[in-house]
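Below are my notes on the model, set out as numbered points. Please read them alongside the coordinates.

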Amino acid sequence: MSFDGARLVEAEAHGKHLLIRWDDGRTLYGHLLMTGSWSVGPVSPEPEWKRRVELWMEDGRLTAEMVPLLRVLPTRDEERRIGHLGPDLCGAQPPDLDVVTVRLQHDPDALLAAALLDQRNVAGFGNLYAVELPFVVGVSPFHPIGRVESLDVLVGLGTAVIRTNARLGPQNTTGRRMRDSDHWIYARAGRGCPVCGTRLAGMDERTSPWGRVTTWCPTCQPAPDPTSTRPVDLVRADRLLALHPARREPTWPSRVADRSAQPRQAEPSA
């Protein structure tokens, strides 16, 4: 497939979906899944078999490396590919948090982590955040989302952290060592909880109800009581994310940000 003579007019990302539009009415569509990446610049150092697309521009190349899903489709048919997706957390403007919260709660019995990962609800909460955000707010990933009190606060916090990390690069959820992908509990099952010391529990993709690797603290994130709600712990979130630059994002919940002037508890251990 060639785009010789065509002019690239626009590129738009929606979650892991990338739409590259051309002036001849075609769109190059790609989905990253877990392995793919796009790069802009000089010739890619990756071997040729990994470079599934190479577009030569006047000032560099656009290369798709290990992108598993690629299609060329009429631009008018894009909606068939992405029309089912929820709001994009990393769009040009922050999404309407009320809309995201309502979409997440459309099935109140869905487990919190599963609902966050469902791209029909919202595009942007990848598995790392489906592990880290429930820990930060002290809610079990197995809690039914319809019984999570102040879910809008979790959505606002998550959106702020994700947008900040997308801008800076590393997927950092602690606010420490912002040049690195530093996390609280992700992929640390079996180690001690950084807040209370309890041995972290975990499941792999074969045993997790939502088919992804997960980690949680049985003490900080107690098993859900089927008869009660579980509130988002704002004080805990404020403490664990005290150093994160996401606090400057417009979606950061004011009820947390307003506590910034108050004395803080001791920082948790690494």
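1. Arg103 and its surroundings. In this predicted model, Arg103 touches His84, Leu85, Gly86, Pro87, Arg120 and Asn121, once neighbours within four places in sequence are set aside. Arg103 itself sits in helix α2. Its relative accessible area is 32%. Buried would require a value under 20% and exposed one over 50%, so Arg103 is classed as partly exposed.

2. Arg103 and Thr227. These two residues are separated by 124 residues in sequence. Their C-alpha atoms lie 23 Å apart in space. Thr227 is not listed among the contacts of Arg103 given in point 1.

3. Helix α2 against helix α5. The helix that carries Arg103 also packs on another helix. The axes of α2 (residues 97-104) and α5 (residues 151-168) come within 9 Å of each other, and the crossing angle is roughly 120 degrees. Because that angle falls outside the perpendicular range of 65 to 115 degrees and is not over 145, α2 counts as oblique to α5. The crossing is right-handed.

4. Residues in the α2-α5 contact. On the α2 side the contact is made by Leu97, Val100, Thr101 and Leu104. Helix α5 supplies Leu151, Asp152, Val155, Gly156 and Thr159. Sorted by class, the contact of α2 with α5 has five nonpolar residues, three polar and one charged.

5. Helix α4 against helix α5. Helix α5 also meets α4 (residues 127-137), with axes that come within 11 Å and cross at roughly 130 degrees. That angle makes α4 oblique to α5, and α4 passes α5 in a right-handed crossing.

6. Residues in the α4-α5 contact. Tyr129, Leu133 and Val137 make the contact from α4. From α5 the contributors are Leu154, Leu157, Gly158, Val161, Ile162 and Asn165. By class, the contact of α4 with α5 contains seven nonpolar and two polar residues, and no charged ones.

7. The three-stranded sheet. Which strands form the open sheet, and in what order? Three strands make it up, in the order β4-β6-β5, with antiparallel pairing. The edge strands are β4 (37-41) and β5 (51-57), each of which pairs on one side only. On average, neighbouring strands of this sheet are turned by 15 degrees against each other, direction ignored.

8. Pairing within the sheet. Strand β6 (residues 60-65) pairs with β5 in the antiparallel sense over six bridges. These two strands form a hairpin, with two residues between them. On the other pairing, β4 is joined to β6 by five bridges, and the two run antiparallel.

9. Glu65 and burial of β6. Glu65 in β6 has Arg51 standing opposite, and Ser37 likewise stands opposite Glu65. As for the strand as a whole, β6 is mostly covered, with five of its six residues buried.

Key. Residues numbered from 1 in each chain as written. Predicted model: local features only at pLDDT ≥ 70, side-chain atom pairs only at ≥ 80, totals over all residues. Heavy atoms only, no water. Pairing = 2+ DSSP bridges. Helix = DSSP H or I, 4+ residues; strand = E, 2+ residues; numbered from the N terminus. Axes fitted to C-alpha atoms, helices over the stretch in contact; angles between N-to-C directions. Parallel < 35°, antiparallel > 145°, perpendicular 65-115°, else oblique. Left-handed = near helix turned anticlockwise from the far one by under 90°. Contact = heavy atoms within 4.5 Å. Nonpolar A, V, L, I, M, F, W, Y, C, P; charged D, E, K, R; others polar. Buried < 20%, exposed > 50% of the residue type's maximum accessible area, 1.4 Å probe, protein only.
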